[in-house]
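The following exercises concern strand pairing, helix packing and the surroundings of one side chain. Please work through each task before reading its solution.

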Amino acid sequence: MRLRPAALAALTAALCFPAQARPPLAPTSPTAPTETAAPQRAGSVFTLDDAFARIGDAHPDLRLFGGQRRVLEAERDGAAQRPALVGGVSVENIFGSGALSGVKGAEITLSLASVFERGGKLDARRTFAQSRIDALAVERESRRLDLLAETARRYLAVLAAQRRIELAQFDIGQRKRSVEAARVRLQAGASPESGLLTAQAAQARAELDRARGERSLLAARQHLAALWGERDPDFATVAGDPYALPQIEDAAALAGLLDRNPELGRFVDARRIGEARVRLAQSQASPDLDWQVGLRRLQDGNDMALIGSVSMPLGARARAEPGIRGAQAELALLDIEREAKGLSLYSTLVEAHGRYRVGALEVARLKDDVLPRMVRAEKAAEYAYRAGAISYLELALLQAESVAVRTQRLDAALDAQLALIEIQRLTGESFLAASPIPAGATR
């Protein structure tokens with residue numbers, strides 16, 4: 001199996017960020033090795049494409065395949081060699097007794113010997129070695145897609161930390177307004193000092209959430225940069241909108257794309273390797289011919305004579321039979337293993353598809369039905385508190401609920417994005433061009 005060129009770049013849209021949310025990048029060929037991106041200036045906006053560019057072919061896991069290919073190519077070249085020619089010298093009738101004492105009666109033979117391979121052994125060895133080299137390509141693509149998916153997940157973690165800081169900042173803003181209103185009411189004698197202290201404590205908790213978010217952002221940035229071996233990230237923020245969720249097809253339609261998954265594609269190459277192993281085992285059933293030719297010098301009269309011999313082992317087919325049965329049994333197992341892997345991938349796809357649909361629905365409903373009412377309730381509650389119509393406890397509960405709704409929406413969007421990354425890893429399909437669900441980006 002060979003992946004479509006689009007599959008190599010499918011995860012560049014893993015978070016489905018709108019094009020306007022990212023600075024334009026020069027187009028690159030998805031099948032060509034990507035050069036390492038230039039270092040980002042402090043404070044610059046980092047994009048998912050930048051992260052993918054830094055992974056490229058520089059990641060150690062991907063570089064390993066180059067070394068493994070060289071090892072297999074050396075093994076292939078060794079398998080393509082024919083049996084060696086063996087030169088020999090033999091001496092007879094020396095250091096005996098009587099007329100054969102010493103070396104006077106010595107007879108010297110110069111010989112040349114080798115093996116004549118039968119049953120297509122040479123071609124079978126070459127085919128088997130080449131099939132292992134070909135299988136490396138699919139293994140590399142499988143690892144590459146796994147790395148891209150992991151990069152997208154870590155990138156999403158950075159984006160999530162940024163959004164949580166924004167939510168904390170939003171909470172701090174509303175808590176500050178509450179503190180100001182509580183101070184005014186205290187000065188007017190309309191509420192006790194406990195109301196002001198409680199409002200200040202709530203503001204301090206919101207500031208603690210922001211500080212925790214900043215530490216989480218630093219850790220997430222370092223975790224992302226560690227993928228390309230960078231210990232001090234040179235980017236400050238990342239671009240993207242986690243609420244941009246595209247429409248996707250139903251699970252049955254996406255299941256038809258699973259065949260392009262490298263985890264299934266490797267079974268195609270595994271079958272080629274298995275078939276080559278069977279042919280190699282079958283070739284052992286044909287016995288090889290050992291031949292030898294030589295020139296012998298006869299001591300009596302100093303005459304010269306040619307000699308030759310041919311030999312063949314017996315019972316080769318019986319000895320080869322266990323190997324043939326074993327290779328055929330391994331080949332038959334591949335169909336069962338592929339079926340099991342297909343069921344596992346389908347189960348994962350269905351689960352991720354369900355999570356994505358639920359998350360997208362939750363994000364849309366919270367934006368369209370809940371947040372507009374919550375915004376109006378916030379304004380009304382702040383006005384009522386300043387006017388003395390409600391207590392601080394009622395205002396604080398509403399503010400906490402407001403943050404909880406926004407946090408719920410962000411969590412739902414992040415879970416949907418993680419599910420989408422998994423769907424794209426499984427199918428190799430990009431959904432960037434799909435019509436987005438009108439989830440918006442309102443905090």
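**Exercise 1. Identify the residue of β6 that stands opposite Ser-114, and trace the strand pairing outward from there.**

Solution. Step 1: Ser-114 has Trp-291 of β6 opposite to it. The model is a predicted one, in which local features need pLDDT of at least 70, side-chain atom pairs count only at pLDDT 80 or more, and totals for chains, interfaces and linings use all residues. Residues are numbered from 1 along each chain as its sequence is written, and side-chain values use heavy atoms, with hydrogens and water left out.

Step 2: β3 and β6 (residues 289–298) run antiparallel and are joined by 9 bridges; strands are DSSP runs (E, at least two residues) numbered from the N terminus, as are helices (H or I, at least four). Two strands count as paired if DSSP finds at least two bridges between them. Ile-108 has Arg-297 of β6 as its bridge partner.

Step 3: Arg-297 also stands opposite Met-304 in β7. Strand β7 (residues 303–311) pairs with β6 in the antiparallel sense, over 9 bridges.

Step 4: β3 (residues 107–116) also pairs with β2 (residues 86–92), antiparallel over 7 bridges. Here Leu-110 in β3 is opposite Val-89.

**Exercise 2. Describe how α4 and α5 pack.**

Solution. Step 1: Two packed helices are described by the angle between their axes and the distance between the axes. For α4 (residues 121–187) and α5 (residues 193–225), the angle is about 165° and the axes are 8 Å apart.

Step 2: α4 is therefore roughly antiparallel to α5 (the term applies to angles over 145 degrees).

Step 3: The residues of this contact comprise 17 nonpolar, 10 polar and 11 charged. Asp, Glu, Lys and Arg count as charged, Ala, Val, Leu, Ile, Met, Phe, Trp, Tyr, Cys and Pro as nonpolar, and the others, Gly among them, as polar.

**Exercise 3. Compare the span of α4 with the span expected at 1.5 Å a residue.**

Solution. Step 1: The expected span is 1.5 Å times one less than the number of residues. Step 2: The 67 residues of α4 should span 99 Å, and this agrees with the 99 Å between its end C-alpha atoms. Step 3: Just after α4, Gly-189 has a positive phi of about 75°.

**Exercise 4. Is Arg-272 buried, partly exposed or exposed?**

Solution. Step 1: Arg-272 lies in α7 (residues 262–283). Step 2: Its relative accessibility is 39%, so Arg-272 is partly exposed (buried is under 20% relative accessible area, exposed over 50%, partly exposed in between, with a 1.4 Å probe and protein chains only). Step 3: The C-alpha atoms of Arg-272 and Gln-130 are 9.8 Å apart, although 142 residues separate the two along the chain.

Methods. Axes fitted to C-alpha atoms, helices over the stretch in contact; angles between N-to-C directions. Parallel < 35°, antiparallel > 145°, perpendicular 65-115°, else oblique.
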